[in-house]
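Colleague: Could you take me through one part of this model up close? I'd like to hear about the charged pairs on the side chains, and then what sits in the core.

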Amino acid sequence: MSSVVTETVEIWDSVKEELRSTVPEASHPWIMPLEPVGFENDTMTLLTGASFAVQIIRKHHYQQILDAFKKVTGLSTSEWIKINQNEK
C-alpha cells in the first residue's frame, strides 16, 4: 500500500472515530461504510455502494463529516469532500 493511500485511510479512520462520538448512532450506517479512495489538493474522495446514499449523505451528514475532517486535519477548507457512487 502506498504512503498516500495509507495516509488517506488513516485520516478517514480518525474522522470516523470523531464522528462516532459526535453523530447519533442511527446515522452510522450511512457514514461508516464510506471508503476513502483519494486525497488530493485538500480534497478527500469517498465512495459509497448506493447512489441514493450520496444524496442522503450530502443532505444530512455533509456538515458533520466536514466538521470532523477539519478537527482531525486542521484544514479549514469549506469544500473538501467528494462522495461518489461506487460503480461496479
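**Salt bridges and the core**

Modeller: Let's start with Glu 18, which is buried, at a relative accessible area of 17%. Keep in mind that this is a predicted model. Glu 18 has a partner: its side chain and that of Lys 71 meet in a salt bridge, 3.3 Å from N to O. This pair ties together distant parts of the chain, with Lys 71 in helix 4 and Glu 18 in helix 1, 53 residues apart. Lys 71 counts as exposed because its relative accessibility is 60%, and the cut-off for that is over 50%.

The count comes to 2 salt bridges, so what's the other pair? That one joins the side chains of Arg 20 and Glu 17, at 2.7 Å from N to O. Here the two partners sit 3 residues apart in helix 1, so about one helical turn separates them. Arg 20 is partly exposed, at 39% relative accessibility. As a general point, side chains of opposite charge can pair when their charged atoms come close.

Now for the core. The largest nonpolar core holds 15 residues, and Trp 12, Val 15, Leu 19, Ile 31, Leu 34, Met 44 and Ile 65 have the most contacts inside it. At least two of its residues come from each of helix 1 (3-22), strand 2 (43-48), helix 3 (51-60) and helix 4 (62-73). Helix 1 gives the largest share, 4 residues. If you want one residue to look at, try Trp 12: beyond its neighbours within four places in sequence, it is in contact with Leu 19, Ile 31, Leu 34, Pro 36, Met 44, Leu 46 and Ile 65.

How values were computed
Residues numbered from 1 in each chain as written. Predicted model: local features only at pLDDT ≥ 70, side-chain atom pairs only at ≥ 80, totals over all residues. Heavy atoms only, no water. Core = buried A, V, L, I, M, F, W, Y, C linked by side-chain atoms within 4.5 Å. Buried < 20%, exposed > 50% of the residue type's maximum accessible area, 1.4 Å probe, protein only. Contact = heavy atoms within 4.5 Å. Salt bridge = Lys/Arg side-chain N within 4 Å of Asp/Glu carboxyl O.
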